[in-house]
Amino acid sequence: MKIKDAEIISLMQNPRTLEEGVRALMDAYQSRLYWHIRRIIVDGDLAQDTLQDTFIKAYQNFHQFKNDSQLYTWLYRIATNEALQQINKMKKMQKSDEDPEYYMQNLVADNTSGDAEEIQILLQSAIQSLPEKQKLVFMMRYYDDLPYEEISKIVDMSVGTLKTNYHYAKQKIEEYIKENYER
């Protein structure tokens with residue numbers, strides 16, 4: 001039985017049922033948030049750590065949830081911010097002579113199973129080569145099938161800007177795959 005957001009919110013707002021609410025929140029959103037984070041960060045262990053950080057932030061800041069957006073929109077925003085912070089930490093920790101995009105593309109190859117199709121690896125590498133905003137918009141639209149209005153709330157961008165970013169991301173991905181696909 002899937003618990004509804006209204007029930008989760010009600011449980012989390014009551015100090016006596018807070019623990020049950022946190023469990024319900026995690027059960028309801030763990031998988032979706034993990035894969036959202038994983039597509040941004042690529043590394044599975046780091047994505048798991050970031051997911052835990054996301055739930056901790058959600059728990060600590062639940063009093064700030066205004067119920068003016070959907071619960072998953074609020075959680076995706078937290079997860080996105082946590083993932084971007086993690087990427088920024090990774091970039092700072094890298095050697096100055098190593099290109100961050102090259103590093104992320106290698107991470108994609110390292111975290112892809114050996115029998116994965118070449119085109120799937122190319123797609124992931126192409127996504128990792130995108131500028132950060134285009135990457136986020138593309139992943140939320142392509143993988144999570146989120147409407148532009150929801151993405152707008154998550155990344156705090158106008159719908160028009162999102163559509164433009166998505167269009168450019170698709171073009172760059174297509175070009176990347178055409179240039180790098182070996183038949």
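The paragraphs below lead from the overall fold of this predicted model to its core, one buried residue and one pocket.

The protein chain contains 183 residues. Its secondary structure consists of nine helices and zero strands, so that, read from the N terminus, the order of elements is α-α-α-α-α-α-α-α-α. Of the residues in the chain, 44% are buried. The surface that the chain exposes amounts to about 10,800 Å², and 47% of this area is supplied by carbon and sulfur atoms. Among contacts with a separation of 6 or more, 60% are made by residues 24 or more positions apart.

The interior may be considered next. The largest nonpolar core comprises 53 residues, and within this core L25 and L71 have the most contacts. Two or more residues each are given to this core by α1 (5-13), α2 (18-41), α3 (44-60), α4 (71-93), α6 (118-128), α7 (132-142), α8 (148-155) and α9 (159-180). The greatest contribution is that of α4, which provides 11 residues. What does L71 touch, leaving aside its neighbours within four places in sequence? Its partners are D5, I8, I9, L25, Y29, F62 and F65. L25, one of these partners, is the residue named together with L71 for the most contacts inside the core.

A second position worth following is T54, which belongs to helix α3. Is T54 buried or exposed? Its relative accessible area is 0%, and because a residue counts as buried under 20%, T54 is buried. When residues up to four places away in sequence are not counted, T54 is in contact with L33, I37, L75, I78, A79 and E82. Of these partners, I78 and E82 appear again in the lining of the pocket described next.

The second largest pocket holds about 170 Å³ of space. Which residues line this pocket? The lining is formed by K57, N61, Q64, W74, R77, I78, N81, E82 and Q85. Helix α4 supplies the largest share of this lining, with six residues; α4 is also the element that gives the most to the largest nonpolar core. By class, the lining of the pocket includes two nonpolar, four polar and three charged residues.

Helix α4 thus recurs in this account: this helix contributes 11 residues to the core and six to the lining of the second largest pocket.

Methods:
Residues are numbered from 1 along each chain as its sequence is written. This is a predicted model: local features need pLDDT of at least 70, side-chain atom pairs count only at pLDDT 80 or more; totals for chains, interfaces and linings use all residues. Side-chain values use heavy atoms; hydrogens and water are left out. Helices (H or I, at least four residues) and strands (E, at least two) are DSSP runs, numbered from the N terminus. Buried means under 20% relative accessible area, exposed over 50%, partly exposed in between (1.4 Å probe, protein chains only). Contact means heavy atoms within 4.5 Å. Accessible areas come from the Shrake-Rupley method with a 1.4 Å probe; for residues, only the protein chains shown count as cover. A nonpolar core is a set of buried Ala, Val, Leu, Ile, Met, Phe, Trp, Tyr and Cys residues joined through side-chain atoms within 4.5 Å. On a 1 Å grid over the protein atoms alone, a cavity is a set of points where a 1.4 Å probe fits but cannot get out, and a pocket is an open set with protein on both sides within 12 Å along at least five of seven lines; lining residues have an atom within 4 Å of a point. Grid points are joined across faces, edges and corners, and a volume is the space filled by probe spheres set on the points. Ala, Val, Leu, Ile, Met, Phe, Trp, Tyr, Cys and Pro count as nonpolar, Asp, Glu, Lys and Arg as charged, and the others, Gly among them, as polar.
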